[in-house]
Amino acid sequence: MSSSPWTLLPPPGFQRYDCVGCGACCRGRFAIGVTPEEYARIMAQGWEADPALAGKTLFLPHGDHYVTAYDAAGACVFLDERGLCRIHAKFGEAAKPLACRLYPFRFIPAGRQARVSIRFDCPEVACNRGRALPAHLPALRALLPHALPPAAMDVPVPPLFGRVSCTWDRLARIIDAVDRLLCAKSLDVTRRVAGGVNFAALLRNPRLSALNERAFADFLTTVAGKVTEAAEGDALGRTAPPALARAAFRQLAGVYARADYRGAPARLGQRFATAVRLLTGGGAVPAIQPDFPAVPFSALEDAFGIPDAEAAEPIIRYLRARVLSMGFCGAAFYGRAVLDGLDALLFTYPLLLWFARLFSAGRNRSTLDRAAAERAVEIVDHQHGVTPILNLPSERRRLSFLCERTILRSLVVWYGS
Ligand code: SF4
């Protein structure tokens, strides 16, 4: 019998994953955190005597812990020429840092429950290949005590918004309601997300804290019903968001596209030129990542139509996985309140479509395709709630400006139709 004090909630069966050993998570954009204990343990493994690593920096200090160092090509120093982890090959899987053993999974504490989140920057996750996630439960149960100490049960419930408090039960009900909206068969994907924006806005009501649990549940049901009904009759009406909003949107897209890693050369001149182009929106989208095609910014503003079911599938799956894992607010998203985190997650919809448009336009397509959407979720999820840049005051202000209800809706409709 397990002695873990946590109740592990099974991850969703609609999501699949199995590691194929591609090594993508060991290259470039991933900062692999290593605790001081892991640092000491791995340093004692005798790597200075390994001809491939002798004299090389293996770890870089990072706040109160370390990250693994990267070679000149941006790969983890422990990655060998075959693309395999040297620590794993020599000492076994359990000898690796916990972050590597756990990836792409993550546990999110919610009271006495632990929810399972999964990173979509793993290509197998983005493309939904492998076994359904519940098949990984035995391995996750074994890792849980190492990854979530009992003290994590003290993580407070994020507020609903501002000073309005929430409870784990209420948060779970909100998650269910948002998930039902994201699955509403009567709605296309853009109307589902636009409905989500309205739903979040209607919950910003300070009087909700005065309701008892039953009244709160009834309120959610009523609001969700009205929002779905309104979304079914929503004419959308595609009009360009204000120029200021589109400039801020492009700048934030640039933050999400960043592919730098700790220890990478700064290339300040190039970064400045990229920032100017994102601000002005003139010419071609900068090749921030190597696979970005040369496409003018203007091509991303055309009407692409509402994504069809094939193109929408990775996007809906991503949003649902984030919602169901509670990976959109609180500890999983810079400590943000529930509705702020929900708005930020819904904001990823136009962002995902902007990137998907980029890849589709690069193949001379005027509609979105599934491969473009899968690549878009890899890019966006790599940063959402992960990069400290998005938690800087300047980026927080930018995001909250873009999440203002009318602006967010206009972005959802503009890039979603
Ligand atoms: S990116 Fe995904 S499939 Fe590739 S090695 Fe990492 S976990 Fe495995």
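Is L236 buried, partly exposed or exposed? Let's work it out. The cut-offs are these: 20 or more C-beta neighbours within 10 Å means buried, 12 or fewer means exposed, and partly exposed is in between. L236 has 17 C-beta neighbours inside 10 Å, so L236 counts as partly exposed. One caution before I go on: this is a predicted model.

Let me stay with L236 for a moment. L236 sits in the loop between helix 8 (213–232) and helix 9 (243–257). The phi of L236 is positive, about 65°, although L236 is not a glycine. Why point that out? Most residues other than glycine have a negative phi.

N128 is another such case. N128 is not a glycine either, and its phi is positive, near 60°. Look for N128 in the loop between helix 4 and strand 8 (131–132). N128 has 16 C-beta neighbours inside 10 Å, so N128 too counts as partly exposed.

Now the overall layout. The domain assignment splits the protein chain into domain 1 (7–154), domain 2 (168–232) and domain 3 (243–415). How far apart are the C-alpha centres of domain 1 and domain 3? They lie 25 Å apart. These two domains touch: 26 residues of domain 1 are in contact with 20 residues of domain 3. Which elements of domain 1 give two or more residues to that side? Strand 4 (59–62), strand 6 (105–110), strand 7 (113–118) and helix 4 (123–126) do. Strand 7 gives the largest share, with 4 residues. By class, this side of domain 1 has 16 nonpolar, 6 polar and 4 charged residues.

Next, the sheets. One is an open sheet of 3 strands, with the order 1-7-6 and mixed pairing. Strand 1 (7–8) and strand 6 are at the edges, each with a single partner strand, so one side of each has no neighbour in the sheet. Strand 6 and strand 7 run antiparallel, and 6 bridges join them. As one example, F105 is opposite I118 in strand 7.

At the edge, look at T7, which belongs to strand 1. T7 has 11 C-beta neighbours inside 10 Å, so T7 counts as exposed. What does T7 touch, leaving aside its neighbours within four places in sequence? T7 is in contact with R112 and Q113. T7 and R112 are 105 residues apart along the chain, yet their C-alpha atoms are separated by 6.3 Å.

There is another open sheet of 3 strands, with the order 3-5-4 and antiparallel pairing. Its edge strands are strand 3 (33–34) and strand 4, and each pairs on one side only. Strand 4 runs antiparallel to strand 5 (residues 65–68), with 4 bridges between them. Here P61 stands opposite Y66 in strand 5. Strand 4 and strand 5 make a hairpin with 2 residues between the strands, and G63 takes a positive phi near 60° in that hairpin.

On to the inside. In soluble globular proteins, nonpolar side chains tend to be buried together. The largest nonpolar core in this model has 92 residues. L352 and F355 have the most contacts inside that core. Which helix gives the most to this core? Helix 12 (residues 338–362) does, with 17 residues. Take L352: not counting residues up to four places away in sequence, L352 touches I315, A373, A376, V377 and V380. Apart from this core lies another, of 14 residues, including C26, F30, V34 and F78.

Last stop, the ligand. Which residues are around the ligand? From the early part of the chain, we have C19, V20, G21, C22, G23, A24 and C25. Then come Y103, P104, C122, P123 and E124. By class, this shell divides into 9 nonpolar, 2 polar and 1 charged.

Two names in that shell share an unusual bond. Most peptide bonds are trans. The bond from Y103 to P104 is cis, with omega near 5°. P104 is in the loop between helix 3 (98–102) and strand 6. We met strand 6 before, as an edge strand in the sheet with the order 1-7-6.

That's my tour. Thank you.

Notes:
Residues numbered from 1 in each chain as written. Predicted model: local features only at pLDDT ≥ 70, side-chain atom pairs only at ≥ 80, totals over all residues. Near = placed C-beta within 6 Å. Nonpolar A, V, L, I, M, F, W, Y, C, P; charged D, E, K, R; others polar. Domains from an automatic or database assignment. Contact = placed C-beta atoms within 7 Å. Pairing = 2+ DSSP bridges. Core = buried A, V, L, I, M, F, W, Y, C linked by C-beta atoms within 7 Å.
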